[in-house]
Amino acid sequence: MGKYGIIGFGYAAINAVDRIRGLDPKGDICVFEMAHGAVNPMLTTYYVAGKIDESRLTPFGSMDELAHKYGFRVIPERVSKLDVDTLTINYGHGEERFEKILVATGADPFVPHISGDEHLSERIFPMRTYEDAIRMRMYLGRHPIHDAVVLGASMVGIKIAELLAERDVEVTIADLADRMFATAADKKTSSILQDMIAAKGICSRFGVSVRSISEDGIVLSDGTFIKSDILCVCIGTRPRIEIARGVLNTNKAIVVNDRMETSASCVYAGGDCCEALNLCTGETGIVGLWANAAAQGQTAGENMAGGDAAFGGSLPSNITHFMGIDFVGIGFPNQDDTAETIKTDTGYFRFGVLNEAPAVNMIGEPTLSGVVKNIAATKLRKPNASVSLFSRSKLMNHLNRLEIDRITGGNDAEK
Ligand SMILES: Cc1cc2nc3c(=O)[nH]c(=O)nc-3n(C[C@H](O)[C@H](O)[C@H](O)COP(=O)(O)OP(=O)(O)OC[C@H]3O[C@@H](n4cnc5c(N)ncnc54)[C@H](O)[C@@H]3O)c2cc1C
């Protein structure tokens, strides 16, 4: 029976606690959470859009419900210090010692410096936390919004653009990259998506950031003025690693091994606050994905409770539904030389090949995303692995033999 301190309670921590409790039914688990906790950040844009109510932001249950289900204590405070020699957690005016500690502090939305009068900061909206979602929905409910700029043309920004367009707001989406979904789509796919959103009335500006905000609008980094009542900032996150700095080995995020152990004995980390092995590059770095947070949390929890689990790495993937469009990016599809476009009844496929595994972009084929992602992940781990008849038959509904062979490497045992 152990004594476990969990710092932060997002999806990584929920998964860790689930594993700890499975292996150690009587252990003492104490969760430190400085904000709302147990939130699925992916649902924030649905809440702002009015598509779900507040309770759905915590789809696994509230903190109280989860504390009851798993039998853990909650200290609703920010952890200010971690002593890895004595395994002591400091919070507010208290401190407590543990046998095992998990750092699962997630990530903060990145908001660059934007000049302008201080009172205008109330018109700048990042989107990550429960509090961000409540604040933006309240603001939209109380202020007439006619024009908006959304900074960031990827999975979060496009959802914000969608919900504003649904309220008849004139939306301009801007990004420092030269195109939409720059890290998940290849150039051809980006261009197809850009045409699709332009047809839906969304303006876009690429290769620019935001310089300043005024009463009437914002000025882009190239000097262009855009009329705007609000500015939404969706340009990614930065791992929350203040408490780890100086006490744990960190790069851009906390460094962990495949057991999710940090550089300090009995201290583990999981989720957006730590690095992960990227199966496409073979290197470790920030991944920032839901499935990755779950797998890392499970691995950490199992090992903390005396099990023996290893995290196999993460396949970068982006599955986003917006404005009636389904976009899927799996692997690193930035390979314009090798990728080819296949038009299907409902959309497009783009295939590239990376490390002998498919790097895929799909538009309009959401039912296939899981199958293709599994094939890609399997092939990255074992290039000669065969593809199941189930996977192949799902692909056959959309693609011809040659195209399927490109995805599977022609290596399906059950053809
Ligand atoms: C709008 C949006 C859309 C997204 N869409 C997708 C998507 O389509 N697909 C996908 O795979 N991923 C998506 N993501 C990313 C995904 O949600 C995250 O990767 C995942 O939620 C990370 O979980 P986590 O537990 O590591 O961190 P978090 O959910 O950030 O949880 C960390 C928790 O730690 C708490 N905390 C932090 N510091 C302290 C401290 N010092 N003391 C106490 N508590 C602390 C925080 O309050 C928070 O509750 C999206 C994210 C957002 C914001």
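This report describes a predicted model, moving from its domains to its ligand shell, its core and a few single residues.

**Domains and where they meet**

The domain assignment divides the chain into domain 1 (3–41 + 49–108 + 238–304), domain 2 (111–233) and domain 3 (317–408). Between domain 2 and domain 3 there is a set of contacts in which 16 residues of domain 2 take part, together with 18 residues of domain 3. On the side of domain 2 that touches domain 3, helix H5 (155–165) and helix H6 (187–199) each supply at least two residues, and H6 gives the most, with seven residues. Sorted by class, the residues on that side of domain 2 are nine nonpolar, one polar and six charged.

**The shell around the ligand**

The ligand is surrounded by 36 residues, of which Gly8, Gly10, Pro41, Gly106 and Gly271 are the closest. Two or more residues of this shell are given by each of the elements H1, helix H2 (44–48), H5 and H7. The shell consists of 21 nonpolar, 10 polar and five charged residues. Where does the ligand lie with respect to domain 1 and domain 2? Because domain 1 (3–41 + 49–108 + 238–304) and domain 2 (111–233) both give residues to the shell, the ligand lies between them.

**Two helices of the shell**

Helix H1 covers residues 11–23, and for these 13 residues a rise of 1.5 Å a residue leads to an expected span of 18 Å, which agrees with the 19 Å between its end C-alpha atoms. The buried residues of H1 are Tyr11, Ala12, Ala13, Ile14, Asn15, Ala16, Val17, Arg19 and Ile20. They pack against three strands and two helices that are spread along the chain, namely strand E1 (3–7), strand E2 (28–32), helix H3 (63–70), strand E7 (100–103) and helix H7 (290–304).

Helix H5, which also supplies the shell around the ligand, has 11 of its 11 residues buried, so H5 is largely enclosed by the rest of the structure. Its buried residues include the charged residues Lys159 and Glu162, and among the others are Met155, Ile158 and Leu164. Around H5, the elements that its buried residues pack against are H2, strand E10 (147–151), strand E11 (170–175), strand E16 (230–233) and strand E21 (317–322).

**The largest nonpolar core**

In soluble globular proteins, nonpolar side chains tend to be buried together. In this model the largest nonpolar core holds 112 residues, and Ile6, Leu102 and Cys232 touch the most other members. H5 provides the largest share of this core, with eight residues. Apart from its neighbours within four places in sequence, Leu102 is in contact with Ile6, Ile7, Ala13, Ala16, Tyr268, Ala269, Gly270, Ala300 and Met304. Two of these contacts, Ala13 and Ala16, are with buried residues of H1.

**Single residues in strands and loops**

Ile218 lies in strand E14 (residues 217–220) and counts as buried, because 27 C-beta neighbours lie inside 10 Å, where 20 or more are needed. Beyond its neighbours within four places in sequence, Ile218 is in contact with Val149, Val210, Ser212, Ile213, Ile226, Ser228 and Leu231.

Gly331, in the loop between strand E22 (325–330) and strand E23 (340–343), is also buried, with 28 other C-beta atoms within 10 Å.

Glu261 is placed in the loop between E17 and E18, and it is partly exposed, with 18 other C-beta atoms within 10 Å. Leaving aside neighbours within four places in sequence, the contacts of Glu261 are with Val256 and Tyr268.

The following table sets separation along the chain beside separation in space for three pairs.

| Pair | Apart in sequence | C-alpha to C-alpha |
|---|---|---|
| Gly331 and Ser204 | 127 residues | 25 Å |
| Ile218 and Gly116 | 102 residues | 9.3 Å |
| Glu261 and Asn303 | 42 residues | 8.7 Å |

Two residues other than glycine have a positive phi: for Leu87 the value is near 55 degrees, and for Cys266 the value is near 70 degrees. Leu87 belongs to the loop between strand E4 (79–83) and strand E5 (88–91), and with 19 C-beta neighbours inside 10 Å it counts as partly exposed. Cys266 is found in the loop between strand E17 (237–239) and strand E18 (267–269), and it too is partly exposed, with 15 other C-beta atoms within 10 Å.

Terms used:
Residues are numbered from 1 along each chain as its sequence is written. This is a predicted model: local features need pLDDT of at least 70, side-chain atom pairs count only at pLDDT 80 or more; totals for chains, interfaces and linings use all residues. Helices (H or I, at least four residues) and strands (E, at least two) are DSSP runs, numbered from the N terminus. The expected span of a helix is 1.5 Å times one less than its number of residues. A residue is buried if 20 or more other C-beta atoms lie within 10 Å of its own, exposed if 12 or fewer, and partly exposed in between; C-beta atoms are placed from the backbone. Two residues are in contact if their C-beta atoms, placed from the backbone, lie within 7 Å. Domain bounds come from an automatic or database domain assignment. A residue is near a molecule or strand if its C-beta atom, placed from the backbone, lies within 6 Å of it. A nonpolar core is a set of buried Ala, Val, Leu, Ile, Met, Phe, Trp, Tyr and Cys residues joined through C-beta atoms within 7 Å.
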